[in-house]
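Hi,

Here is the structure I said I would pass on to you. Have a look through it first, and then read my notes underneath.

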Amino acid sequence: MQLASNPLLTSKVYDVADFSAAQELFHANGWTDGLPIVPPTPPAVAACLDWVGMAPDQLLGVEPVRAQPITAEKLAINAVMAGCLPMHFAVVATAWQAMMQEEYLLHGVTSSTGGCAALIIINGPIRLEIGASPTFNALGNSDRATAVIGRAVRLAVINLLDVRPGGIDRSTLGHPGKFSYCLAEDEEGTQWLPLSMARGLPAGASAVTVMAAMAPRQIMNEWTTDPKEILETFAAEMRANQLNYSIYGGNYVIVIPKQLREHIEAAGWSKRDIGEFLYERARVRRGDWATVGKGSVVRDRADRIHPALASPEHLLVVAAGGPAGGFGAVIPPWMGSKTKAVTAAIGACIDCGPPDAGTTRRGEAGS
Amino acid sequence: MTMRVLDPSNESRVVGGQLAARPTSLKGKTVGFISNGKEGTKGYFTHLDRMLREELGVADVIWRTKSNYSAPADAHIVDEIRKWHAVVAGVGD
């Protein structure tokens, strides 16, 4: 293979006896998440770079706090380790570019005791090209593409930022999403705008949204077709998160699978309508902290109202999940608005202006 | 047959800052505290403040709190550090 001897790759090379020896080398150096890795051979890494048209030394960004440069070569090595095929790499690269935007607070969210993970949501044609499956097990082991993309992002956090448990990663508990936390939106199964369009990107653009997120909180309500009653269950879960975890508002993701989604869509509700409803309903009185054992921090502010969302736009509604089951999920933010979700287009030209002003961030990731 | 693999770590490390000179004594000196603002820091820094003044003769203890407990200290706090002889950046929960 022509790329096998790519002379531009500059990473240190190790010669190991076989596959097993490669595993032990990587585990011994703390370069894994505890699971076996795909050995990152020069041809495999070069193939990733070739797919997106990036030079090995292309700078994808600099981690803002510790000033760590992130190059395409290093990211591709970690992507190969995670099991990525070359076609997956553009998503990994764009997710990382989004995470390096200042508002994501990359150092804070990867080092915090709060123990969040990078939730990655994929929109646009690339979902179909890479075989991402947004239906059954959308938040679990749904498909190869989302499994390896989410894992690649985490491995790169470990290896490029030295974010290891007990080191920079001070997570008290963490959660299973720290292995991989990635899903695609079921754009073919909904009438709603894709998340990327709701956040300002044009139709037809492939995109990645990243959010520093806690574990999913699953809800169930299969006993109504009324959108307000369905969404009241989501609101209750958001309020529970506010009281039991963090009262402060931020970006929330809600994942609505097809069974509940069809009831809401049939009633003519848009994602915007859902955001406005939950903006009003998902809020708690500070004094209610006393009902969950946190009375000591209520102080003289018992009547203060804390909305889960600073505005309806802070809700990220994602259509995903299997066709049957009156379930849904609320995915809370790591810690209020200290971090913000970032959406970036895949393959966008960095010199091209956005179609309109907005809060959405756009990144670039090859062609 | 051997297998050739690449190092996944960030080998291109940025050269970090240099450590400031260590004071040989804290007597008569000014010590700054940079708190992350969490509840647990109050008791810790209150106790440390007393120890520094009473047991080590520190002249002044300056308390500052970051605006975001998970982000680096604000620029105006970093600017103040040059006026201090020592700083304690505590992590507390």
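Below is what turned up, starting with where the chains meet and moving on to single residues.

One thing to keep in mind throughout: this is a predicted model.

**Where the two chains meet**

Start with the contact between chain A and chain B. On the A side 39 residues are in contact with 24 residues of chain B. Together the two chains bury about 2600 Å² between them, and 55% of that is on carbon and sulfur atoms. Within chain A, the residues that lose the most area to chain B are Asp15(A), Lys74(A) and Lys338(A), which together make up 17% of what that side buries.

Two of those names come back elsewhere. Lys338(A) has its charged end over the ring of Tyr69(B), at 4.4 Å from the ring's centre. Asp15(A) belongs to β1(A), on the uncovered face of that strand along with Val13(A). The covered face of β1(A) is made of Tyr14(A) and Val16(A).

So what does β1(A) pair with in chain B? The partner is strand β1 (residues 3–6) of chain B; the two strands run antiparallel and are joined by four bridges. If you want a spot to zoom in on, Val13(A) stands opposite Leu6(B) there.

Gly108(A) also reaches across to the other chain. You'll find Gly108(A) in helix α5 (residues 106–111) of chain A. Leaving aside residues up to four places away in sequence, Gly108(A) touches Trp334(A) and Ser70(B). Its relative accessible area is 1%, so Gly108(A) counts as buried. Asp169(A) is 61 residues from Gly108(A) in sequence, yet their C-alpha atoms are 9.6 Å apart in space.

**Rings**

Over all chains the structure holds seven aromatic pairs. One of them is Tyr14(A) with Trp31(A), an edge-to-face pair with 5.7 Å centre to centre and 65° between the planes. This pair links distant parts of the chain, 17 residues apart: Tyr14(A) is in strand β1 (residues 13–16) of chain A, while Trp31(A) is in the loop between α1 (19–28) and α2 (42–52) of chain A. Trp31(A) has a relative accessible area of 5%, so this residue is buried.

In chain B, ring pairs link Phe33(B), Tyr44(B), Phe45(B) and Trp63(B) into a cluster. Two members of that cluster also face each other across paired strands, as Phe33(B) stands opposite Trp63(B) in β3(B). The strands in question are β2 (residues 30–35) and β3 (residues 60–65) of chain B, which pair in the parallel sense over six bridges. Add helix α1 (residues 39–56) of chain B to β2(B) and β3(B), and you have a right-handed β-α-β unit.

Back in chain A there is another charge over a ring: Arg283(A) lies over the face of Tyr279(A), 4.9 Å from the ring centre.

**An enclosed helix and a neighbour**

How much of helix α4 (residues 89–99) of chain A is buried? The count is 11 of the 11 residues, so the helix is largely enclosed by the rest of the structure. Among the buried residues of α4(A) are Phe89(A), Trp96(A), Gln97(A) and Met99(A).

Ile346(A) packs against this helix. Its contacts include Ala90(A), Val91(A) and Thr94(A), as well as Ile126(A), Ser206(A), Ala207(A) and Val208(A), not counting residues up to four places away in sequence. Ile346(A) is in the segment after β13 (342–345) of chain A. With a relative accessible area of 14%, under the 20% cut-off, Ile346(A) is buried. Ile346(A) and Leu201(A) are 145 residues apart in sequence and 11 Å apart in space, C-alpha to C-alpha.

**Two positive phi values**

Finally, a pair of backbone details. Asn137(A) is not a glycine, although its phi is positive, about 60°. Asn137(A) lies in the loop between α6 (126–129) and α7 (144–161) of chain A. Asp162(A) also has a positive phi, near 55°, and is a residue other than glycine. Asp162(A) is in the loop between α7 and β5 (182–184) of chain A.

Which of these loop residues is buried, and which is partly exposed? Asn137(A) is partly exposed, with a relative accessible area of 47%, whereas Asp162(A) is buried at 17%.

Cheers

Notes. Residues numbered from 1 in each chain as written. Chains lettered and ligands numbered in written order. Predicted model: local features only at pLDDT ≥ 70, side-chain atom pairs only at ≥ 80, totals over all residues. Heavy atoms only, no water. Phe/Tyr/Trp six-rings, centres within 6.5 Å; stacked < 30°, edge-to-face > 60°. Buried < 20%, exposed > 50% of the residue type's maximum accessible area, 1.4 Å probe, protein only. Lys NZ or Arg CZ within 6 Å of the ring centre and 35° of its normal. Pairing = 2+ DSSP bridges. Right-handed = clockwise from strand over helix to strand, strands pointing away. Contact = heavy atoms within 4.5 Å. Buried area = accessible area lost by both parts, 1.4 Å probe.
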